[in-house]
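User: Please examine the model below and answer some questions on its confidence, strand pairing and helix packing.

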Amino acid sequence: MKLRYQLARPEGVRIHVIGGTVLEAGGIRGRRCIDVTSPRIAEVLADLDQRDVSELEVYALAAVLGGQPLQRAVHECLSALKRLQALSYVVRWGRQTVARILPLTGRSFWDRDATGSPGPLVLCSDAYLRFSKKGLHILAPTAYAEVIVNGTLINGLMARVCDPCSSGSPSDPELCLLQHLLGDTGHLAAVNKGADDHAAQWPFADLLFHAASRLGNEWGSFGRHSGQSRPIPAVQPQRAAVSNIDLRAAASTLPQTDLTFTAALDGRRSRRYPGPRPLSLAELAVFLSLAAEPRATDDQAGGWRYPYPSGGGIYGFHIYVVIHRCFQLEPGLYRHAAEDRALEKLDARPDQVELLAAHCGYALGLENAKPDAVLILTAEIGEFTARYDAIAYRLVLLGAGCLIQNMYLVASALGLAGCAVGGGNPVLFAQIAGADPVTEPSVAEFALSGRAP
């Protein structure tokens with residue numbers, strides 16, 4: 001039985017020959033011109049849909065036409081096409097398509113003999129499955145490719161996965177071929193798992209997130225979109241504000257401090273415990289102004305300049321303030337309107353607000369104590385994913401980290417007790433604030449309390 005990796009173009013991908021030996025490839029992850037140095041090889045790669053050719057045969061043709069120099073040029077070309085996600089593989093048994101392979105790395109897949117049963121079908125521990133109209137997607141953060149299994153083979157494959165000791169019968173050549181294919185792409189435990197299982201050192205969710213947003217192992221756009229952005233759905237709080245508090249007037253009552261940056265950075269500490277003196281509205285107003293509120297720019301566009309960076313200049317962050325005790329500000333849940341420099345009090349029940357503050361105190365190890373205020377940072381995910389795909393959530397966390405560091409430095413400059421909270425309660429927050437946990441999830445929390453005497 002022959003395992004043949006036929007080269008193909010993914011759906012929607014175009015490859016054209018320009019200038020005789022130059023390919024213009026428009027893949028899922030961008031567009032690039034590549035010089036193959038051979039008109040014949042360029043013609044073959046531009047016409048993959050009309051040819052039955054494998055990667056091994058392309059290299060063999062290059063060896064005949066130009067020897068090792070042309071083979072090196074072909075290798076660079078194919079690697080570039082894989083990085084652009086402009087190249088895929090198709091595996092067939094007879095006329096039936098067994099699977100499609102979407103490469104996640106520059107690894108080559110060679111035609112080879114696949115005789116006999118490859119043994120028990122045991123997927124690697126970090127493999128996961130996803131269904132779509134195209135078939136069953138088999139993925140793993142440490143795999144070399146994403147495999148899409150033909151719908152007619154899904155039942156048989158799942159039966160083997162559930163019963164890995166089954167060796168299969170000779171009447172299942174497609175499944176045996178598929179099992180060899182999964183071994184080549186790094187999805188079987190016997191292939192990419194051994195005594196030194198480095199992937200096992202990662203929690204699965206962390207490894208998956210790291211692979212998707214850092215290594216780029218996700219079939220789809222990665223990085224900033226060069227074309228027109230997708231429409232961004234508006235995100236509005238479901239609970240209407242019942243009153244507004246002007247932070248400008250409150251901030252003017254607090255004497256200004258002129259602490260140097262070096263002193264603020266040197267004095268930065270994680271101070272969990274609230275002091276006997278509660279946080280005041282003036283301190284909270286100055287804190288929010290310095291850490292998160294933008295200033296109007298002088299350009300004609302009338303834009304805003306924020307005191308922290310955000311990927312792509314997307315400032316889709318919001319701060320909700322849970323007040324437990326604050327001088328001149330009653331307990332409750334508030335939404336910070338950064339550009340208006342105001343607090344919008346939301347309609348939330350006192351017992352719910354108290355429970356959210358208590359959870360934060362418990363997460364900080366304060367036992368029965370609670371911080372004076374909890375600042376909950378949310379992000380409008382749609383604004384980031386409209387421009388960035390695989391790295392969108394990573395950019396959200398990077399921006400949130402910058403904002404948290406701002407809060408630390410400002411708390412230090414004002415002499416307040418501040419500490420980032422490692423474990424929030426996003427479900428409880430979503431219920432209280434009415435914020436959609438999918439479109440506007442909470443991504444970070446910061447506890448703030450008044451200064452100690």
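User: Over which residues does pLDDT stay under 50?

Analyst: This is a predicted model, in which local features need pLDDT of at least 70 and side-chain atom pairs count only at pLDDT 80 or more, while totals for chains, interfaces and linings use all residues. Residues are numbered from 1 along each chain as its sequence is written, and side-chain values use heavy atoms, without hydrogens and water. The chain averages a pLDDT (the predictor's confidence in each residue, from 0 to 100) of 86, and 88% of the residues score at least 70. The stretch with pLDDT under 50, which has 9 contacts (heavy atoms within 4.5 Å) beyond four places in sequence, is residues 191-195.

User: Which residue stands opposite Glu 24 in strand 5?

Analyst: Strands are DSSP runs of E with at least two residues, numbered from the N terminus, and two of them pair if DSSP finds at least two bridges between them. Strand 4 and strand 5 (residues 30-35) are antiparallel, with 6 bridges, and form a hairpin with 2 residues between them. On strand 3, Glu 24 has His 16 as its bridge partner; on strand 5, the residue opposite is Cys 33.

User: Which residue of the hairpin of strand 3 and strand 4 takes a positive phi?

Analyst: Strand 3 (residues 14-18) and strand 4 (residues 22-27) run antiparallel and are joined by 5 bridges. Their hairpin has 3 residues between the strands, and the residue with a positive phi, near 70°, is Gly 19.

Methods
Helices (H or I, at least four residues) and strands (E, at least two) are DSSP runs, numbered from the N terminus.
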